[in-house]
Amino acid sequence: MRLQPRNKRLHKKALEIFTLSRNISDYLVHDLAPLQKNGKENPYIYFTGDIVRQSDSLALKIIAAENQFFKDDRIKQATSLIHITNKLYKNCQRLEQSQSNGKEFLILLRKELRKFRHLQRNWLMSL
């Protein structure tokens, strides 16, 4: 099994997104952790963990797709990567609705995800 990706640009962008989402999550957790005035926890706090978990799996899915022997299996892994990317983008949109000072960073993350999607489309053609 090959551990190095063939498409280095896509893999590098996935790692950048992971680093960025982890830093954003660390920043947002401090804003969203205190209880609300009604005594309940902020429902947006769970999305901070989701963006980290989803962005962590981007690079792994790229390698998994490239290491599949059969084309159908590669396409299945690539489709899974597309779903994860879409969920990550949606969770960024949800976090932008939170009452946090870090919303500007989420705009940056969504911009990087759009670049990732462009690279991803080109990568899909080479599978």
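Start by selecting Y44: at a relative accessible area of 22%, this residue counts as partly exposed. Keep in mind as you click around that this is a predicted model.

Now add F47 to the selection. Y44 and F47 make an aromatic pair, with 6.2 Å from centre to centre and 50 degrees between the planes, which puts the pair in the tilted class. The structure has 3 aromatic pairs in total.

For another of these, jump to F69 and F70. Here the ring centres are 5.1 Å apart and the planes stand at 85 degrees; anything over 60 counts as edge-to-face, so that is what this pair is. Buried or exposed, these two? Turn on the surface and have a look: F69 and F70 are both exposed.

Next, colour two helices: helix 2, residues 45-66, and helix 3, residues 71-96. Their axes lie 9 Å apart, and the helices pack at an angle of about 160 degrees. Angles over 145 degrees count as roughly antiparallel, so helix 2 earns that label relative to helix 3. What is the handedness of the crossing where helix 2 passes helix 3? It's left-handed.

While you're there, show the side chains where helix 2 meets helix 3. The residues of that contact split into 12 nonpolar, 8 polar and 5 charged.

Last stop: select Y89 and R117. R117 lies over the face of the Y89 ring, 4.4 Å from the ring centre. Rotate until you look straight down on the Y89 ring, and you'll have R117 over its face.

Notes
Residues are numbered from 1 along each chain as its sequence is written. This is a predicted model: local features need pLDDT of at least 70, side-chain atom pairs count only at pLDDT 80 or more; totals for chains, interfaces and linings use all residues. Side-chain values use heavy atoms; hydrogens and water are left out. Rings of Phe, Tyr and Trp (its six-membered ring) pair if their centres lie within 6.5 Å; planes under 30 degrees apart count as stacked, over 60 as edge-to-face and the rest as tilted. Buried means under 20% relative accessible area, exposed over 50%, partly exposed in between (1.4 Å probe, protein chains only). A charge sits over a ring if NZ of Lys or CZ of Arg is within 6 Å of the ring centre and within 35 degrees of the ring normal. Axes are lines fitted to C-alpha atoms, for helices over the stretch in contact, and angles run from 0 to 180 degrees between N-to-C directions. Helices (H or I, at least four residues) and strands (E, at least two) are DSSP runs, numbered from the N terminus. Angles under 35 degrees count as roughly parallel, over 145 as roughly antiparallel, 65 to 115 as roughly perpendicular and the rest as oblique. A crossing is left-handed if the near helix is turned anticlockwise from the far one by less than a right angle, and right-handed if clockwise. Ala, Val, Leu, Ile, Met, Phe, Trp, Tyr, Cys and Pro count as nonpolar, Asp, Glu, Lys and Arg as charged, and the others, Gly among them, as polar.
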